[in-house]
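Student: Got a minute to go through a model with me? I'd like to start with one side chain and work outwards.
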Amino acid sequence: RDILIGTALVDMYSRCCAIEKAEEVFDTLLGRNIVTWNTLIGGYAQQGPAEKALHCFRKMLEGGISPDVITFVCVLKACGNIGAIGKGQEIHMAIPPELLAKNPSIGNSLISMYAKCGDLVKARQIFDDLSLVWDVASWNTIISAYAQHEYAEEAFKCFQSMQKHGFSPNAVTY
């Protein structure tokens, strides 16, 4: 019933692919905070079913808890995993611009979500719009998006552009 221990148990069960048990523990908690919600949402986004991550997100909002960076990253991952572009667009519109401008992880999650849903034009637009906060992960995300959709030439152009912009490829890039 302790929120810290409960959150740790939700995390442990999620990581051990016992997501139903994680939700059982979550349901017994007397109090829930953003960390507890993010742990369960992240578990469903990672282990599935991803639809449950979106359900938990809705319940969290209904409970008056405001999403943070981790929440947005997790629910965008869930949207990408199930191809829920409409829900992903809705979540995209709910992200405060200042939060997006300061957190490349949200931008990278948006790029990945749009790419997984097949909208490479929007993925590239997001990438270009976030040029002030690019990091190696941003480049890896857009390169991966093109590669997964068999746009090898565009992936190689991004790889070259990455280096021209002063970013060194890492193991993920290769």
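Student: What does the side chain of Arg32 reach?
Tutor: The backbone oxygen of Phe26, at 3.3 Å. That is a polar contact, meaning a pair of N or O atoms within 3.5 Å; within protein, one must be able to donate a hydrogen and the other to accept it, and residues adjacent in sequence count only if both atoms are side-chain atoms. Keep in mind that this is a predicted model, where local features need pLDDT of at least 70, side-chain atom pairs count only at pLDDT 80 or more, and totals for chains, interfaces and linings use all residues. Residues are numbered from 1 along each chain as its sequence is written, and side-chain values use heavy atoms, with hydrogens and water left out.

Student: Where does Arg32 lie?
Tutor: In the loop between helix H2 (19–28) and helix H3 (34–47). Helices here are DSSP runs (H or I, at least four residues), numbered from the N terminus.

Student: Is Arg32 buried or exposed?
Tutor: Partly exposed, with a relative accessible area of 34%. Buried means under 20%, exposed over 50%, and partly exposed is in between (1.4 Å probe, protein chains only).

Student: And what is Arg32 in contact with, leaving aside neighbours within four places in sequence?
Tutor: Ile3, Phe26, Asp27, Trp37 and Ile65, where contact means heavy atoms within 4.5 Å. Ile65 is 33 residues from Arg32 in sequence, yet their C-alphas are 9.1 Å apart.

Student: Switching to rings: how many aromatic pairs does the structure hold?
Tutor: Seven. Rings of Phe, Tyr and Trp (its six-membered ring) pair if their centres lie within 6.5 Å; planes under 30 degrees apart count as stacked, over 60 as edge-to-face and the rest as tilted. One of the pairs is Phe26 with Trp37, edge-to-face at 4.7 Å centre to centre and 70° between the planes. Phe26 sits in helix H2 and Trp37 in helix H3, so the pair ties together parts 11 residues apart in sequence. Both residues are buried.

Student: Why is the pair of Phe127 and Trp139 edge-to-face?
Tutor: Because their planes are at 75°, with the ring centres 4.8 Å apart. Phe127 is in helix H9 (residues 120–129) and Trp139 in helix H10 (residues 136–148). Phe127 and Trp139 are buried, and they form one aromatic cluster with Trp134 and Phe167.

Student: Last one: what is Ile142 in contact with, again leaving aside neighbours within four places?
Tutor: Ile111, Ala123, Arg124, Phe127 and Cys158. So Phe127 turns up there too.

Technical notes: Helix = DSSP H or I, 4+ residues; strand = E, 2+ residues; numbered from the N terminus.
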